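I opened my notebook to look up a few things in this structure. I wrote down each point as I went.

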Amino acid sequence: MKPAPFTYHRPGSLSEALELMARYGPEAKPLGGGQSLGPMLNMRLARPAHLVDLNDLLEMDYIRDAGGMIEIGGLTRHHRLATAPEIERDLPLLALAARTIGHYAIRQRGTLGGSLVHADPAAQLPLVAVTLGAEVVVRSARGERELPAADFLQSIMTVDLAEDEIVTAIRFPRQAEGEGCAFDLFSRRHGDFAIVSVALTMERDAAGAISALRLGLGGVGPVPRRLAEVEAQAVGCQPDAETAARLGRSAAAAISPEEHPEVPAAYRRELVETMTARALLRAAGQEGATA
Amino acid sequence: MSAPVPISLVVNGETYDLVAPPRKLLSDVLREDLHLTGTHVGCEHGVCGACTILIDGQPSRACLTYAVQMEGHELTTIEAVAEGDWLSPLQQALHEEHGLQCGFCTAGIVMTFEAYLRDNPQPSEAEVRDVLSGNLCRCTGYQNIVTAILKAAQVMREGQGA
Amino acid sequence: MTADTPFTHIGQPLPRKEDRRFLTGKGRYLDDVTLPGALQVTFVRSPHAHARITGIDAAAARALPGVVGVFTGRDLAQWTAPLRLAPPIEGLHPVEMTTLPVDKVRFHGDPVAVVVARDRYTAEDAAELVEVEYDPLPCAADTKTALAPNAPLVDDTLPDNLVSHQSFSAGDPAARRAEADRVVEARFDLHRLTHVPMETRGCLADWDAGRAHLTMHIGTQVPHPMRGQLAARLGISETQVTVISPDIGGGFGQKIALYREELTVAALSRHLGRPVRWREDRLENLTSASHARETQCVTRAAVRADGRILGLELDLTEDFGAYCFYPANYMARVIAMILTGPYKISDYAFDVKVVLTNKCGNGPMRAPMAITSWVMDGTIDAVARELGLDPLQVRRINALRPEDLPFTMPTGEVLEDVTPLETLEAAVQAIDVPAFRARQAQARDEGRLLGLGLCTVVESTTYGSAFYKAAGIPGSGHEAAWVRIEPSGVVNASVGLMGSGQGYETPLAQAVAEGLGVTPGTVNVHMGHTDIAPYGMGSRGARGATAGGGTLYLCAQKAQAKVLAIAASMLNLNDAQGLRLHNGQVERRLEDAWQATGISLTDVARRAYLDPTALPEGIDPGLDVSLTYDPPAMTYSNATHACEVEIDPATGRIRIDRYVVAEDCGTVLNPLVVKGQQQGAVAMGLSGALLEQVVYDENGQNQSATLADYLVATACELPNIEILPLHTPNRKTPAGIKGMAEGGIMGSIGAIAGAVSDALAPLGVTAEKMPLSPQRLRALLRKAGNFTHGTTFSDPGTTTTTHDTTTHGTPGNSDGRTNRA
């Protein structure tokens with residue numbers, strides 16, 4: 001399986017890259033880690049006439065403290081997200097999720113920006129971006145814009161990105177100190193794309209009750225979703241087995257997954273119910289509690 | 001568009017100058033242009049891991065990389081691991097523990113773990129399996145490979161006086 | 001091995017000779033072999049499951065720079081003969097296959113044209129430009145559709161899609177049914193699988209026009225039969241073909257037949273007068289190489305109230321796909337013949353149907369009889385369930401005991417030197433079944449589902465010529481070897497096998513060393529080159545150790561006899577009585593001990609090659625000995641597999657907590673290699689039972705064409721395997737050697753299915769259909785009315801032997817592994 005021919009461009013700076021995107025836009029694809037685009041090119045499912053290699057743009061590989069936000073460059077590799085102490089400290093949900101992406105070798109190359117743009121409905125980083133309310137920074141030769149991740153991700157592998165634009169950074173609101181979180185994904189094998197994935201953060205008040213909850217689901221629709229209505233139900237409750245079970249049921253009821261010959265919608269709902277409940281308990285440090 | 005371009009690659013410390021189309025995969029260039037056939041091709045979609053080499057010291061799929069991208073980087077392939085008669089602790093352990101059968105997946109596993117053990121000298125069995133899950137083996141069932149990797153890690157720690 | 005083994009070299013766990021080259025990247029696999037000027041091909045394949053080919057326009061493709069030609073079925077029909085399979089077997093329809101399809105395509109991926117170009121990239125560009133016009137036909141997407149009245153015909157020369165149908169009866173199963181206390185029916189549905197060797201298929205054909213000779217470089221398990229096939233299909237003599245197999249990256253049965261692609265490449269080389277090569281890519285390998293299994297069985301056991309099986313009946317249906325590269329009854333037949341296996345059953349009948357469908361054709365995949373032990377032990381478990389008996393007791397009451405051997409199975413197969421009951425008891429003891437049952441009961445009270453599966457395997461290996469004759473299958477089971485001691489005293493040997501990862505080089509050297517009386521390090525066994533190796537039947541059906549090792553052992557003994565005859569004359573003895581060759585030295589038995597004579601093998605060799613007039617009368621110059629050996633009709637080995645699982649009722653996920661195999665494979669050439677085979681076989685079986693599946697939709701479209709869809713187990717899905725070895729030599733084979741390495745697949749399929757059924761038994765659910773995916777288990781649980789609300793059960797995903805869910809809580813959560821190996 002060999003890719004169709006393309007003209008290869010290797011810009012040395014972001015402005016050069018943006019110029020190339022402006023010139024070749026509809027016929028060009030930016031190349032990040034290549035872990036998702038590579039297979040598509042090799043199978044000729046994608047056949048851009050121009051490939052714009054972003055890997056020299058080290059200016060896009062960074063983690064920056066920007067006040068209440070952590071700004072991460074689009075070229076930052078999954079492995080860095082999985083292991084950097086500052087991510088562990090300020091965005092533990094992101095660290096948890098990044099560790100589960102593919103395999104060790106894949107994580108050396110795959111990038112945050114690439115994952116967001118690829119927008120696989122089951123992917124980890126789009127789910128975390130939506131759950132944490134991240135902002136996606138997009139640039140072109142025409143200028144820069146910023147939009148919430150939930151708006152950026154439009155549908156299955158479809159994003160709000162013009163033909164001449166590149167995702168240069170994602171801004172994540174720093175997670176609250178002491179906030180519990182859990183990330184879980186269900187797949188047939190270790191490292192596979194998720195059938196269903198759950199991202200959850202939880203803040204508790206002095207009495208131990210849930211004061212704030214963020215719950216995101218992946219793999220249950222064309223894009224990852226936060227279930228705001230379910231989150232609201234958890235506020236004020238103790239994160240015990242009963243609350244977890246109730247939350248799980250609500251989450252399952254709140255989604256309408258598509259039927260699929262291999263993975264029935266009923267099964268996805270059951271997974272959501274189970275995984276949401278377990279994630280809640282895990283985030284509260286109470287794994288193994290039974291109703 | 002598919003016209004060959006000059007490419008200069010540094011592989012195992014040596015510089016190679018060749019000419020290849022931009023779309024030619026690194027796995028094919030290594031094997032065909034540089035005659036380094038120790039890196040194997042198993043799927044060309046990044047799943048099986050047989051083509052894993054080191055790019056700037058980190059394991060990566062050669063089948064998901066274009067050779068032209070690798071100018072300015074340092075590539076390491078299986079041919080660089082042993083030195084004459086000397087096998088690395090990992091290679092030696094795989095031999096002693098019968099951690100290979102047909103050998104087709106072996107180079108990818110060696111490259112992955114030469115890098116991983118360098119950065120993670122004391123992995124648990126779970127961690128080893130987690131990293132190994134990126135390399136498919138159809139012959140061994142992985143058990144002896146895991147044993148070999150843990151053994152190699154211990155040998156390497158002892159070698160460092162740890 | 002017992003401490004007082006009769007062998008010096010056989011049985012030693014020597015590490016392998018081939019490791020160094022594989023570890024250092026210096027193996028020579030097919031793609032590593034280069035010939036300057038070789039062209040590359042790629043195939044244009046059908047996107048339809050069933051369609052008439054109404055036109056092929058390759059003008060644009062041919063015009064692409066770098067393209068040498070584009071050829072179709074019509075071209076190949078001129079250069080090659082079709083494949084005709086017509087063994088004289090009742091109930092089996094003869095079939096014929098053109099080299100490439102001419103009139104119609106029969107499955108999604110069927111090759112219709114071939115592009116030859118300077119490189120694969122160009123060839124693929126050109127392949128996209130080949131315009132094939134198809135007239136789609138209705139497709140027989142499964143056996144039910146294929147057997148329905150007025151079903152679309154997969155093979156237009158047949159009256160219907162039932163390509164093979166055999167029945168058999170021994171004893172009086174109907175009478176046994178009538179007198180039984182109960183007739184227990186059980187069903188088993190094994191899905192479609194494929195071999196997935198890490199190295200896909202490929203070949204390099206080099207036609208020498210001057211000598212009119214084809215050298216075919218190809219990773220093949222069967223070099224000589226491959227040569228014969230090439231010669232016959234190309235219409236040339238066997239003297240005009242040389243097959244050379246380089247190192248092979250896995251075969252598992254997929255690298256035996258001469259497929260259309262390789263024959264096409266050979267024909268192209270001859271037509272173009274240039275070397276031509278092909279590398280199958282993974283998409284092709286998954287969709288268009290060879291598939292396997294997809295078999296449904298129904299058993300009816302006539303039983304007494306105490307669980308004794310009085311009679312057994314089997315109905316089997318195999319979905320064979322669209323093309324017959326093997327006689328259609330080939331794999332199904334073995335299942336039916338050996339089904340009763342470890343149990344004392346004499347009243348037995350089977351009805352075996354093999355059906356054509358619009359899918360890639362089937363071939364033997366490691367353990368073609370894979371379903372057998374699941375079916376037999378699953379029937380036993382069904383009997384136990386229905387009668388409310390302990391499944392262990394039902395096994396014991398039906399088991400063949402040592403005093404029952406030799407036992408002639410109802411199909412005429414003779415079991416001797418097997419120990420199925422012993423392996424059952426060994427496995428049961430290792431598991432400590434009563435303790436497990438106690439744990440299981442406690443877990444059930446907590447709402448957790450634990451299960452234990454047992455599966456006893458009787459594995460048929462090393463099919464001898466007598467087997468084929470009795471079965472009416474043309475072909476032989478003998479093997480051939482030569483052993484040549486060189487003038488310098490080192491030993492070259494050869495046998496007609498070819499390894500694809502089993503690690504022959506060392507164990508076969510050990511067999512030669514043992515038979516001859518030298519050290520394995522001085523022996524080099526050459527395989528895979530048809531001009532060098534003697535005519536042998538190749539590597540298949542677990543025959544390597546018995547047929548290959550056995551023949552080499554016997555041949556080496558013959559060589560030793562000649563060596564000693566010469567040594568005797570050098571010692572001025574009348575004959576070689578009381579002499580032996582030991583580690584390359586001639587020794588003499590004096591005063592109850594072996595004493596050195598001062599004569600080495602090198603001394604003998606020098607005389608034989610360089611001083612032949614000094615040889616004794618009747619001894620010819622040289623030390624080059626040949627021998628053929630025909631093994632018994634069948635050589636059986638046996639095992640019992642035991643598997644403990646826990647099922648997460650909320651997700652359907654299975655976690656394997658413990659896996660034990662008690663295996664008796666007779667005399668073992670190299671225990672290190674044998675253990676590797678056991679581990680690999682169990683791994684492949686579990687991977688197939690839990691994860692892998694070839695999926696076709698109702699339009700015959702293959703939905704599992706990449707390794708992201710066809711799921712092969714990784715290191716996180718498989719348990720460590722504990723092996724309890726037993727060694728009962730076969731008294732009819734050289735050194736008591738038996739085959740093995742397919743039984744692991746048979747046992748693991750049965751053990752995991754049994755474990756799941758055991759776990760779900762309280763819910764009235766049985767695992768009848770594979771793969772045992774989480775969604776399938778959840779569907780069974782849902783139907784049984786059991787749906788938990790997630791938080792009731794502890795999550796087994798955090799401390800597991802199989803890593804499936806990556807569950808992470810707050811940072812610092814460790815996933816430890818319980819390791820009982």
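**Entry 1: a strand in chain A**

I began with strand E11 of chain A, residues 180-186. I kept in mind that this is a predicted model. How many of the seven residues of E11(A) are buried? I found seven of seven, so I noted the strand as mostly covered.

Next I looked at which way the residues point. Gly180(A), Ala182(A), Asp184(A) and Phe186(A) point one way from E11(A). Cys181(A), Phe183(A) and Leu185(A) point the other way. Both sets are buried. I added a general note beside this: in a regular strand, side chains alternate between the two faces of the sheet.

Then I looked for the pairing. E11(A) is joined by seven bridges to strand E12 of chain A, residues 196-204. The two strands run antiparallel. Which residue of E12(A) is the bridge partner of Phe183(A)? I found Ala199(A).

**Entry 2: a helix in chain A**

I moved on to helix H11 of chain A, residues 241-253. H11(A) has 13 residues. From its first C-alpha to its last it reaches 18 Å. That is close to the 18 Å expected at 1.5 Å a residue.

I listed the buried residues of H11(A). They start with Ala241(A), Thr243(A), Ala244(A) and Ala245(A). The list goes on with Leu247(A), Gly248(A), Ser250(A), Ala251(A) and Ala252(A). What do these buried residues pack against? I found strand E13 (210-218), helix H10 (228-234) and helix H12 (265-283) of chain A.

**Entry 3: chain A as a whole**

I stepped back to the full chain. Chain A holds twelve helices and 14 strands. Its radius of gyration is 19 Å, close to the 19 Å that the globule rule gives for 291 residues, so chain A is as compact as a globular protein of that length. Along its principal axes, the C-alpha trace of chain A spans about 60 × 45 × 30 Å.

I also checked burial. Of the 291 residues in chain A, 57% are buried. Then I took the contacts in chain A between residues at least 6 apart in sequence. Of these, 64% join residues at least 24 apart.

**Entry 4: a helix in chain B**

I turned to helix H1 of chain B, residues 26-33. Why did I note H1(B) as largely enclosed by the rest of the structure? Six of its eight residues are buried, so the label fits. The buried ones are Leu26(B), Ser27(B), Asp28(B), Val29(B), Leu30(B) and Arg31(B). Their cover includes strand E2 (14-20) of chain B. Just after H1(B) I came to His35(B), which takes a positive phi of about 55°.

**Entry 5: the two domains of chain B**

Chain B is divided into domain 1 (5-80) and domain 2 (89-159). Their C-alpha centres lie 22 Å apart. The contact takes 15 residues from domain 1 of chain B and eleven from domain 2 of chain B.

I looked at the domain 1 side. Strands E3 (52-55) and E4 (58-61) of chain B each supply at least two residues there. E3(B) gives the most, with three residues. By type, this side has seven nonpolar, eight polar and no charged residues.

**Entry 6: the domains of chain C**

Chain C is divided into domain 1 (19-25 + 478-629), domain 2 (33-137 + 200-248 + 255-289) and domain 3 (291-464 + 633-783). I picked domains 2 and 3 of chain C, whose C-alpha centres lie 37 Å apart. In their contact, 19 residues of domain 2 meet 22 residues of domain 3.

On the domain 2 side, strand E5 (95-97) and helix H9 (282-289) of chain C each supply at least two residues. Which element gives the largest share of this side? I found H9(C), with five residues. This side divides into twelve nonpolar, five polar and two charged residues.

**Entry 7: where chain C meets chain B**

My last stop was the contact between the chains. It takes 47 residues from chain C and 47 residues from chain B. On the chain C side, helix H1 (19-23) and helix H19 (671-690) of chain C each supply at least two residues. H19(C) gives the most, with six residues. I sorted this side into 19 nonpolar, 18 polar and ten charged residues.

Key
Residues are numbered from 1 along each chain as its sequence is written. Chains are lettered from A and ligands numbered from 1 in the order in which they are written. This is a predicted model: local features need pLDDT of at least 70, side-chain atom pairs count only at pLDDT 80 or more; totals for chains, interfaces and linings use all residues. Domain bounds come from an automatic or database domain assignment. Two residues are in contact if their C-beta atoms, placed from the backbone, lie within 7 Å. Helices (H or I, at least four residues) and strands (E, at least two) are DSSP runs, numbered from the N terminus. Ala, Val, Leu, Ile, Met, Phe, Trp, Tyr, Cys and Pro count as nonpolar, Asp, Glu, Lys and Arg as charged, and the others, Gly among them, as polar. A residue is buried if 20 or more other C-beta atoms lie within 10 Å of its own, exposed if 12 or fewer, and partly exposed in between; C-beta atoms are placed from the backbone. Two strands pair if DSSP finds at least two bridges between them. The radius of gyration is taken over C-alpha atoms; the globule rule is 2.2 Å times the number of residues to the power 0.38. The expected span of a helix is 1.5 Å times one less than its number of residues.
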